[in-house]
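Colleague: I've got a fold open on my screen and I'd like to learn how to read it. Could you walk me through it, feature by feature?

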Amino acid sequence: MVVAIVGASGAVGQELLKVLAERHFPVSELRLFGSARSAGATYMFEGKQIVVEQLQHGNQFQGVDIAFVSAGGSVSQEYAEDITRFGTIMIDNSSAFRMCDDVPLVVPEVNAADALIRPRGIIANPNCTTIQMVVALNAIQQVCPIRRVHVATYQAASGAGAQAMAELEQQYRQVLAGEQPTVNKFAYQLAYNVIPHIDLFTDNDYTKEEMKMYNETRKIMHSNIQVSATCVRVPSLRAHSESIWLETERPISSAQAKEAFAKGAGCVLMDDPKTKTYPMPLFLSGKDEVFIGRVRQDLTNPNGLAFWCVSDQIRKGAALNAVQIAEYIIQ
């Protein structure tokens, strides 16, 4: 396949390079695109140095089979027609097309077949927090339909990009040195803090990030499932965590839930209170799966379950999910 990455210099673009190589994706030619600032940079892929081309309007994508696009929503919207004009499949990591009726929103473990119907030649990659949640929810959905979900996210700095990770590290150094911390990527200082605010607030006082989890989950799962989210930025570097409560149509025991998670596509059960075994981002960054623990029945609702999950949002929450979509299409 002739493959392109748009936004090659960003955190997700760099992860795409790793994932394509690690999974031996059938790449005959790889082309990298970026902004004028990134153009000319070189990156290694399978022993070859590849130069980043400046993204421009025109015929750059003629002959490209699949384009992974991770350069922000405005870039995706501006260049979508150029990218898809000659039949290139555009797998887009931004929020630009996620809720469009004629663009499938895909998590392969949940709704892979949706990727085969793409009238605009575009497939949308969901939001990172939605991806890890629906992988976990899908395991329970196979046992019993889910009515509603309450979720609190604990999102790492990397969710805001490579510069945000660097800023968090810089803030820790500055605070320890008695200096005023630099604050550019977040609403407030993140070091030694948590910020209950990710993305812009909407008219209903939920943030856009929280509304993504509501809307995207329903589209991916083809369900009228109700989702209420509180999204929080925490001072960890990489991998998001989520505390999830769900209500099913009939009671499910914790043993049944654990069995479902253990068998669930893309899930790994890590749950043994006696040995203090549960998922933590410190140890699961760089992993592919969604790790689930602290599974228990809700004390206040016979149909309720609570659990904790962790997943690397740059991998499964972005780059890996996009590559898995491409792999499914090829198969």
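Colleague: Let's begin on the outside. Which residues make the nonpolar surface patch of about 430 Å²?

Modeller: One thing up front: this is a predicted model. The patch is made by Tyr 278, Met 280, Leu 282 and Phe 283. Take Leu 282 as the example: its place is in helix α8, which covers residues 281–284.

Colleague: Is Leu 282 buried or exposed?

Modeller: Exposed, because its relative accessibility is 70% and the cut-off for that class is over 50%.

Colleague: Okay, now the hollows. How much space lies in the largest pocket?

Modeller: About 1,400 Å³. The lining has 48 residues, and the closest to the centre of the pocket are Ser 70, Gly 72, Gly 159, Ala 160 and Gly 161. If you want to trace the walls by element, α1 (11–22), α2 (73–84), α5 (162–176), α6 (208–221) and α9 (315–330) each give two or more residues to this lining.

Colleague: And what is the chemical make-up of the lining of the largest pocket?

Modeller: It divides into 22 polar, 19 nonpolar and 7 charged residues.

Colleague: Pockets are open, cavities are closed off. How many cavities of 30 Å³ or more does the count come to?

Modeller: Just 1. The space in the largest cavity is about 40 Å³. Its lining includes Val 12, Leu 16, Phe 68, Val 69, Ile 91 and Asp 92. The elements that give two or more residues here are α1, β5 (66–69), β6 (89–92) and α9.

Colleague: Which element gives the largest share of that cavity lining?

Modeller: Helix α9, with 3 residues. Ala 318, Ala 319 and Ala 322 are among the lining residues. By class, the cavity lining has 8 nonpolar, 2 polar and 1 charged residues.

Colleague: Let's turn to charges. What is the idea behind a salt bridge, and how many are counted here?

Modeller: Side chains of opposite charge can pair when their charged atoms come close. In this model the count comes to 18 salt bridges. A good one to display is Glu 22 with Arg 315, at 2.8 Å from N to O. That pair links distant parts of the chain, with Glu 22 in helix α1 and Arg 315 in helix α9, 293 residues apart.

Colleague: How do the two partners sit relative to the surface: buried, partly exposed or exposed?

Modeller: Glu 22 is partly exposed, with a relative accessible area of 48%. Arg 315 counts as buried because its relative accessibility is 4%, and the cut-off for buried is under 20%.

Colleague: Which residue does Arg 23 form a salt bridge with?

Modeller: Glu 327, with the closest N and O atoms 2.9 Å apart. Arg 23 is in the loop between α1 and β2 (29–34), while Glu 327 is in helix α9, 304 residues along the chain from its partner. Arg 23 counts as partly exposed at 33% relative accessibility, whereas Glu 327 is buried at 17%.

Colleague: What about strands? Where do Arg 147 and Glu 247 lie?

Modeller: Their side chains meet in a salt bridge at 3.4 Å, N to O. Arg 147 is in strand β8 (residues 146–155) and Glu 247 in strand β10 (residues 240–248), so the bridge ties together parts 100 residues apart in sequence.

Colleague: Last one: which residues do salt bridges with shared partners join into one network?

Modeller: Glu 15, Lys 18, Glu 22, Arg 238, Asp 288, Asp 312 and Arg 315.

Conventions:
Residues numbered from 1 in each chain as written. Predicted model: local features only at pLDDT ≥ 70, side-chain atom pairs only at ≥ 80, totals over all residues. Heavy atoms only, no water. Patch = residues over 30% accessible without salt bridge, like charges linked within 9 Å, V, L, I, M, F, W, Y side chains within 5 Å. Areas by Shrake-Rupley, 256 points an atom, 1.4 Å probe, with all protein chains shown as cover. Salt bridge = Lys/Arg side-chain N within 4 Å of Asp/Glu carboxyl O. Helix = DSSP H or I, 4+ residues; strand = E, 2+ residues; numbered from the N terminus. Buried < 20%, exposed > 50% of the residue type's maximum accessible area, 1.4 Å probe, protein only. 1 Å grid on protein atoms, 1.4 Å probe; cavity = no way out; pocket = protein on both sides within 12 Å on 5 of 7 lines; lining within 4 Å. Points joined across faces, edges and corners; volume = space filled by probe spheres on them. Nonpolar A, V, L, I, M, F, W, Y, C, P; charged D, E, K, R; others polar.
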